[in-house]
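The report below looks at how one protein chain is put together, from its sheet to its core. Please keep the sequence and the structure in view while reading.

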Amino acid sequence: MKNYNCYIDGCCEPKNPGGTMGFGIYVIDDEGNEYKYSNFIPAKSDNTNNMAEYLALTQLLKTLNKKTGCEICIFSDSKMVVMQMLGKYRISSGAYVSYALEAQALLKKLLINNSINIMWIPREYNEIADELSKAHILKSK
């Protein structure tokens with residue numbers, strides 16, 4: 001069984017809401033192979049940090065969608081995302097809801113053929129994904 005440790009992060013800067021959304025993914029497998037992904041969505045008045053966090057999760061799940069028989073650990077410093085995907089918090093209202101529902105559907109699909117754990121980690125243990133989520137800011141300076 002192949003193992004993947006996956007770290008995700010999203011941001012909305014320089015202001016939340018209304019900034020540029022950046023999101024980053026860092027994956028390392030049990031053989032030491034690494035995958036890094038970074039992207040952004042230009043500033044719009046309805047962009048939020050929560051939307052960016054879910055964009056990171058959605059992109060990760062799409063990246064892993066063809067995996068089968070794997071042990072996948074997903075780490076995020078967004079307690080809301082983790083708790084909602086674990087079913088401990090309700091997905092209630094806000095601009096992020098459609099993003100959360102998409103992530104939830106992708107997660108259910110991936111769970112059919114894989115073992116998945118989603119865990120909250122403090123921000124300081126999520127440095128690579130955090131840097132990737134902010135790569136668009138560094139480029140513009």
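In what follows, two strands count as paired if DSSP finds at least two bridges between them. The model is a predicted one, and on that footing 5 strands form an open sheet with mixed pairing, arranged in the order 3-2-1-4-5. Its edges are strand 3 (34–41) and strand 5 (115–120), each of which pairs on one side only. On average, and with direction ignored, neighbouring strands of this sheet are turned by 15 degrees against each other. Towards one edge, strand 2 (residues 20–29) pairs with strand 3 in the antiparallel sense over 8 bridges, and Ile28 stands opposite Glu34 in strand 3.

Along the chain, the secondary structure amounts to 5 helices and 5 strands, which follow one another from the N terminus as β-β-β-α-β-α-α-β-α-α. The radius of gyration is 14 Å, close to the 14 Å that the globule rule gives for 141 residues, so the chain is as compact as a globular protein of that length. Further values for the whole chain are collected here.

| Property of the chain | Value |
|---|---|
| Box filled by the C-alpha atoms, along the principal axes | roughly 45 × 35 × 25 Å |
| Buried share of the 141 residues | 45% |
| Share joining residues at least 24 apart, among contacts between residues at least 6 apart in sequence | 70% |

Helix 1 (residues 49–63) has 15 residues and spans 21 Å from its first C-alpha to its last, close to the 21 Å expected at 1.5 Å a residue. Its buried residues are Met51, Ala52, Glu53, Tyr54, Leu55, Ala56, Leu57, Thr58, Leu60 and Leu61. These buried residues pack against strand 1 (2–13), strand 2, strand 3 and strand 4 (70–76), and also against helix 2 (79–85) and helix 3 (97–111).

In soluble globular proteins, nonpolar side chains tend to be buried together. Here the largest nonpolar core has 32 residues, and those with the most contacts inside it are Cys6, Tyr54, Leu57, Leu60, Ile72, Ile74 and Met85. Two or more residues come from each of strand 1, strand 2, helix 1, strand 4, helix 2, helix 3 and strand 5, with helix 1 giving the most to this core, namely 8 residues. Which residues does Leu60 contact, leaving aside its neighbours within four places in sequence? Leu60 is in contact with Cys6, Ile8, Ile25, Val27 and Ile74.

Methods:
Residues numbered from 1 in each chain as written. Predicted model: local features only at pLDDT ≥ 70, side-chain atom pairs only at ≥ 80, totals over all residues. Heavy atoms only, no water. Helix = DSSP H or I, 4+ residues; strand = E, 2+ residues; numbered from the N terminus. Axes fitted to C-alpha atoms, helices over the stretch in contact; angles between N-to-C directions. Expected span 1.5 Å × (residues − 1). Buried < 20%, exposed > 50% of the residue type's maximum accessible area, 1.4 Å probe, protein only. Contact = heavy atoms within 4.5 Å. Core = buried A, V, L, I, M, F, W, Y, C linked by side-chain atoms within 4.5 Å. Rg over C-alpha atoms; globule rule 2.2 N^0.38 Å.
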